[in-house]
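Me: I have a model open and want to learn how to read it. Can we take it feature by feature?

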Amino acid sequence: MKKSYKIDVDCANCANKMEAAAQKTDGVKNASVNFMMLKMNVEFEEGRDPKEVMLEVRKNCKRVEDDCEIYL
């Protein structure tokens, strides 16, 4: 399953950090961040609950860039 989320991030470098953190999160098959459109696209592993996984993605992104936001 794939979903798109609105994000708030200040710079392209920060967006890259968010993308890397999201990709390392358990339950995420693939993740990409588009800084210009302020969107994060996430593909979830089979059988995983997107809501639960995205809470972990948000935590991981906040660790690398505490000023970012993902609107779930």
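Me: Where do I start with charged pairs, and what joins Lys29 and Glu43?

Reply: Start with the general idea. Side chains of opposite charge can pair when their charged atoms come close. Here the side chains of Lys29 and Glu43 form a salt bridge, 3.8 Å from N to O. Keep in mind that this is a predicted model.

Me: Which parts of the chain does that pair link?

Reply: Distant ones. Lys29 sits in strand β2 and Glu43 in strand β3, 14 residues apart. Now check accessibility. Lys29 has 58% relative accessibility, so it counts as exposed. Glu43 has 22%, so it counts as partly exposed.

Me: How many salt bridges does the structure hold?

Reply: Five. Another one joins Asp26 to Arg48, with the closest N and O atoms 3.3 Å apart. This pair also links distant parts of the chain: Asp26 lies in the loop between α1 and β2, Arg48 in the loop between β3 and α2, and 22 residues separate them. Asp26 is exposed, at a relative accessible area of 56%. Arg48 is partly exposed, at 34%.

Me: What about Lys59 and Glu56, and how far apart are they in helix α2?

Reply: Three residues, so about one helical turn separates them. Their side chains meet in a salt bridge at 3.2 Å, N to O. Both ends are partly exposed: Lys59 has a relative accessible area of 45%, and Glu56 stands at 35%. There is a network too. Arg58, Lys62 and Glu69 are joined into one by salt bridges that share partners.

Me: Now the strands. How do β2 and β3 run, parallel or antiparallel?

Reply: The general idea again comes before the case. Strands of a sheet pair through backbone hydrogen bonds, either parallel or antiparallel. Here β2 (residues 28–34) and β3 (residues 39–44) run antiparallel, joined by six bridges. Use the register to find your place: Asn30 stands opposite Glu43 in β3, and Ala31 stands opposite Val42. At the turn, four residues lie between the strands of this hairpin, and Leu38 takes a positive phi near 50°.

Me: What is the order of the strands in the sheet?

Reply: Read across it: β2-β3-β1-β4. The sheet is open, and its four strands pair antiparallel. The edges are β2 and β4 (69–71), each pairing on one side only. From one strand to the next, the twist averages 30°.

Me: Which strands does α1 touch?

Reply: It packs on the sheet and touches β1, β2, β3 and β4. Its direction makes about 170° with that of β2. Helix α2 lies across those four strands as well, β1, β2, β3 and β4, and runs at about 130° to β3.

Me: Which residues touch the most other members of the largest nonpolar core?

Reply: Met18, Met40, Met54, Val57, Cys61 and Ile70, out of 20 residues in that core. Next, ask which elements supply it. β1 (2–8), α1 (12–23), β2, β3 and α2 (50–64) each give two or more residues. α1 gives the most, with five.

Me: Take one of those hubs. What is Met40 in contact with?

Reply: Skip its neighbours within four places in sequence. Its contacts then include Met18, Met54, Val57, Cys61 and Ile70. Lys3, Ser4, Tyr5 and Ile7 are also among them, as are Ala22, Ser32 and Val33.

Terms used: Residues numbered from 1 in each chain as written. Predicted model: local features only at pLDDT ≥ 70, side-chain atom pairs only at ≥ 80, totals over all residues. Heavy atoms only, no water. Pairing = 2+ DSSP bridges. Core = buried A, V, L, I, M, F, W, Y, C linked by side-chain atoms within 4.5 Å. Buried < 20%, exposed > 50% of the residue type's maximum accessible area, 1.4 Å probe, protein only. Contact = heavy atoms within 4.5 Å. Axes fitted to C-alpha atoms, helices over the stretch in contact; angles between N-to-C directions. Salt bridge = Lys/Arg side-chain N within 4 Å of Asp/Glu carboxyl O.
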